[in-house]
Amino acid sequence: MVIPKFIIKNNMQKSTKTGLYFRDLISDNDLEQISRNLTGSSQYTVEFVNNDYKDDFLDESYNKGRLGILHFKSKVYYICFSDFSNAGRNSAVQSVPTAYNMFYLNKFVDKELVFYFLPSSGNNATNYHKFMYRLMATAGFKFLNTPSELIDKLQPFNSIDDIILARKENSNRNSSNNATYILKNNNHNYDIYGKTYGANKYETSLICYAVSSLATRNDKITLYQYNEKDLKELPKSSLLVLKKMGNLRIINIDDELEKQELRKTNSIRSPRFNARLLDRFGDKKCVLCGCEINEIIQGAHIWPVSEIKKRKDLSITEQLEFATDGENGLWMCQNHHKLFDSHIIRLTENGQLKYMDQIPEAYKSYINSVTTIFCLPPKIVTRDFRHYIRLRNSLLQD
Ligand SMILES: [Zn+2]
């Protein structure tokens, strides 16, 4: 009879400080349940190994990814254990991308990736956590057990659109505070804007894995990596996984890229401008009608790029700063954007909507029928916003 064997790195990243080791977290009962579930055998052996231990599945290091490896016959199971020791939003899933990367990049074929919820009093069922668990299920994690509060809540997503929808539902309360945004440009064409610093990278990685798992051959998906402070990317192993998955184009938002965009066109396609509008306003939503149809929402400049480029007294770096400033922009649907750029409507320094002089009655009644917001909320009307409006409106007086 073959007896299943667990090999688990005993040290966690901070074990020497906290005195808490992996063998303290996992009970015999947990191991027995896992073994029975995966192999049918309630008998097992377990070896907790130190940092210097190394084999085909574990590196010489502490327990990265909160993983245990289970060997049974010719098969290898990667078991990722939940973490509720800290109530932080990201702490419960921060090991997950690491576990996923180790699993995905290992060349061994007969392997499976599973997740085990350790018993805890933590709250695993916030909307944020549920969203993350569903991303994990989509990316290929199998859940070995389900805490009662999560029953029926761990289904994989069916499509990228499904992810976008769920994302909207769970981020309503904190709409401009996301690490990652998924935008649909048109059918089969998606942009992911992912922050890469600090804990954001865990969320960005997981969303990319799930989106990539769902992508069909017709889908064009671009990941824009960004970080306002310096040019950090996702962890190397995450980038390797995405490369291997092969259906995501990865672009870094950096000055060079932005300068190219600026030289080429007066266009609205600056990734940094979009990223900053996402940070400032949250998901795409027209500021004048509330329209949320991603495919027809654009970043509208207040002080137009064509005007910024005429200012030869500004260096290209300064021009770029104005052209990509989030306060120099608003999300608008194509209708309102066109009306705004044709100066049929304009905004005052207080954020009030005005019609052009001598506006035909038919124009006015149409605008009234498609507009629901005639005065922008005060939080949008910042000092810099007023400044850009002044610059824009001064062009109208010629
Ligand atoms: Zn609109």
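## Starting at the N terminus

In which segment is the place of Ile-3? Ile-3 sits in the segment before β1, the strand that covers residues 5-9. Since this is a predicted model, everything below describes computed geometry.

Ile-3 has a relative accessible area of 38%, so this residue counts as partly exposed. Setting aside neighbours within four places in sequence, Ile-3 is in contact with Gln-43, Tyr-44 and Thr-45. For the last of these partners, the C-alpha atoms of Ile-3 and Thr-45 are 7.1 Å apart, while the two residues are 42 residues apart in sequence.

## The chain as a whole

Let's step back for the overall view. The chain holds 15 helices and 14 strands, and its C-alpha trace spans about 90 × 45 × 40 Å along the principal axes. Of its 398 residues, 52% count as buried. Among contacts between residues at least 6 apart in sequence, 70% join residues at least 24 apart.

The chain is divided into domain 1, residues 5-157, and domain 2, residues 279-398. The C-alpha centres of domain 1 and domain 2 lie 49 Å apart.

## Two nonpolar cores

In soluble globular proteins, nonpolar side chains tend to be buried together. Here, the largest nonpolar core has 55 residues, and those with the most contacts inside it are Tyr-78, Phe-115, Leu-135, Met-136 and Ile-163. Helix α5 (residues 127-139) supplies the largest share of this core, with eight residues. There is also a second, separate core of 45 residues, which includes Tyr-224, Ile-359, Leu-376 and Ile-389.

Tyr-78 is a good residue to click on in the largest core. Not counting residues up to four places away in sequence, Tyr-78 touches a long list of partners, including Phe-57, Leu-67, Ile-69, Met-102, Phe-103, Leu-113 and Val-114. Its partners also include Asn-106, Lys-111 and Glu-112.

## Ser-82 and Arg-66

Ser-82 lies in the loop between β4 (75-81) and α4 (96-105). With a relative accessible area of 2%, Ser-82 is buried, because the cut-off for that label is under 20%. A polar atom of the Ser-82 side chain lies 2.9 Å from the backbone nitrogen of Leu-118. Leaving out residues up to four places away in sequence, Ser-82 touches Phe-115, Tyr-116, Phe-117 and Leu-118, and also Arg-66.

Arg-66 itself lies in the loop between β2 (45-49) and β3 (67-72). Its relative accessible area is 10%, so Arg-66 is buried. Arg-66 also has a backbone feature to look at: its phi is near 45 degrees, a positive value in a residue other than glycine. Most residues other than glycine have a negative phi.

## Another positive phi, at His-188

His-188 has a positive phi too, of about 70 degrees, although it is not a glycine. This residue, His-188, lies in the loop between β7 (180-186) and β8 (189-195). At a relative accessible area of 32%, His-188 is partly exposed.

## Asn-101 in helix α4

Is Asn-101, in helix α4, buried or exposed? Asn-101 counts as buried, at 4% relative accessibility. Not counting residues up to four places away in sequence, Asn-101 touches Tyr-209, Ser-237, Ser-238 and Val-241.

## The zinc site

Which residues coordinate the zinc ion? The donors are the SG atoms of Cys-286, Cys-289 and Cys-333 together with ND1 of His-336, at 2.2 to 2.3 Å. The four donor atoms subtend angles of 97 to 117 degrees around the zinc ion, so the arrangement is tetrahedral.

In sequence, the donor residues follow the spacing C-x2-C-x43-C-x2-H. Cys-286 and Cys-333 link distant parts of the chain, 47 residues apart. Cys-286 is in the loop between α10 (271-281) and β11 (297-301), whereas Cys-333 is in strand β12 (residues 329-333). Both cysteines are buried: Cys-286 has a relative accessibility of 2%, and Cys-333 has a relative accessible area of 5%.

Conventions. Residues numbered from 1 in each chain as written. Predicted model: local features only at pLDDT ≥ 70, side-chain atom pairs only at ≥ 80, totals over all residues. Heavy atoms only, no water. Core = buried A, V, L, I, M, F, W, Y, C linked by side-chain atoms within 4.5 Å. Buried < 20%, exposed > 50% of the residue type's maximum accessible area, 1.4 Å probe, protein only. Helix = DSSP H or I, 4+ residues; strand = E, 2+ residues; numbered from the N terminus. Contact = heavy atoms within 4.5 Å. Polar contact = N/O pair within 3.5 Å; in protein donor to acceptor, adjacent residues only side chain to side chain. Donors = N, O, S within 2.8 Å, 3.2 Å for Na, K, Ca; no water. Tetrahedral: all angles 85-135°; square planar, octahedral: opposite > 155°, others 65-115°. Domains from an automatic or database assignment.
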